[in-house]
Amino acid sequence: MAIVAMTRLNKLYDGGGEPAVTDLSLTVTDGEFMVLLGPSGCGKSSVLRMIAGLEPITSGEVAIDGKIVNEVPAKDRDIAMVFQSYALYPHMDVFNNLAFGLRRRGVAKAEIERRVQGAASKLGLLPFLKRKPHALSGGQRQRVALGRAIVREPKVFLFDEPLSNLDAALRVSTRNELIRQQRELGITAIYVTHDQIEAMTMGHRICIMNKGEVIQIGKPLEVYRNPANIFVARFLGNPPMNLIPTSIQAEGGGWQLRVGGASLPADCWPSEALSRLGSQALLGIRPEDLYETASPPGDRRLVAMARAGVIAVEPLGAETLIVLSLEGVAEEVIARAGRETRLRPGDNAAIELDLAAAHLFDPTTGQVVPRIHDEREARWAKAE
Ligand SMILES: Nc1ncnc2c1ncn2[C@@H]1O[C@H](COP(=O)(O)OP(=O)(O)O)[C@@H](O)[C@H]1O
Ligand SMILES: [Mg+2]
């Protein structure tokens, strides 16, 4: 078992500049698959390298099972790391690639045989044990790299974008294989990626980072549905969440949001928060929460938007993206419509918005305005 706890971790590289990691605190529980997700350069690899002991910690602590390992050399941390480049030994066959690390650690021959056979069997590598890396496909090579980590039977797996060199189809199958292996072995894993699909599908939890800082930690769908701020709202989801400028108005004892000529009730948000915002906010709505016609499932809370002009229609096969222009709104708005949509560029569409899935963001701080009573949560809790 292994719990990896990071407390106020900081990394400043020699030569000054901005810190690569700032006050990062995160606890990865035993057997958990934690994904560090964020744009390139946000400090993900730096965190991983500090956990592995490959990079000195500027300040803060890394503890494994309660024992601070800051000063423990990398080789004694019982951690296996898998990188993007598989770095297999080209002159050794698969068996010896798998066995190499164990031999170097002085593991007995019979034990090496047992572990290599076990890992190769789990990963479907038995037919390739005598092959050299050049005679393997990219996916097979990546499985050998994974096998090399598995045979060590480490306390913790660290992965640094291990799938980014693979082509699309192989990424999916290797991703699924990796998930299966981790769940089966139950080894605590920390996985770095800038790919939101990997993060959503692989992680028990996701830790979203930006500019060296933790922005939000949570289960994938939790974070997707309830982004803490504009950065997360835009970073997760493809196409990302629409952020539509809206003005807030007090009307007849209640609050209204004015969006592109339509008026929407703002009763999901506390009155104090709305008055604190002043008159402007950003209304966040995911493309799948905009509806072309009034025929969605019954538990949505639909309100009509002002009619929207259709700028473009993008059929993707399984679905169609509709690019819309709302009156008085400079930003384009994207709606996810069914593949059977009849909308065409130039049309004037009646679009409805699911208020139960809408978010309000403070344009100054970028932070979400918490809702009063979460109907959506209740709905999803029921569904799950
Ligand atoms: N060895 C290094 N020396 C100096 N700066 C570095 C070094 N490694 C990374 N950095 C910088 O630290 C920041 C975070 O990098 P990194 O941890 O590699 O981010 P990510 O893995 O999220 O792309 C970047 O600005 C990067 O340029
Ligand atoms: Mg990196």
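## A tour from the whole fold to the ligand

Among contacts in the protein between residues at least 6 apart in sequence, 66% join residues at least 24 apart. Keep in mind as you look around that this is a predicted model.

**The whole protein.** Start with the full C-alpha trace, which spans about 80 × 45 × 40 Å along its principal axes. Switch to a cartoon view and you can go through ten helices and 22 strands. If you colour by burial, buried residues account for 39% of the 384 residues.

**Strands 3 and 9.** Now select residues 33-37, which are strand 3, together with residues 205-210, which are strand 9. These two strands pair in the parallel sense, over four bridges. For a landmark, click on Met34: opposite Met34, in strand 9, is Arg205.

**On to strand 10.** Keep strand 9 selected and add residues 213-218, strand 10. This pairing is antiparallel and has five bridges. Here the pair to pick out is Ile206 and, opposite Ile206, Gly218 in strand 10. What lies between strand 9 and strand 10 in their hairpin? Two residues do, and in this hairpin Lys211 has a positive phi near 50°.

**Ligand 1.** For the last stop, centre the view on ligand 1 and show what surrounds it: Tyr13, Ala20, Gly38, Ser40, Gly41, Cys42, Gly43, Lys44, Ser45 and Ser46. How does this shell divide into nonpolar, polar and charged residues? Three are nonpolar, six are polar and one is charged. Colour the shell by these classes to see how they are placed around the ligand.

Key:
Residues numbered from 1 in each chain as written. Chains lettered and ligands numbered in written order. Predicted model: local features only at pLDDT ≥ 70, side-chain atom pairs only at ≥ 80, totals over all residues. Near = placed C-beta within 6 Å. Nonpolar A, V, L, I, M, F, W, Y, C, P; charged D, E, K, R; others polar. Pairing = 2+ DSSP bridges. Buried ≥ 20, exposed ≤ 12 C-beta atoms within 10 Å, placed from the backbone. Contact = placed C-beta atoms within 7 Å.
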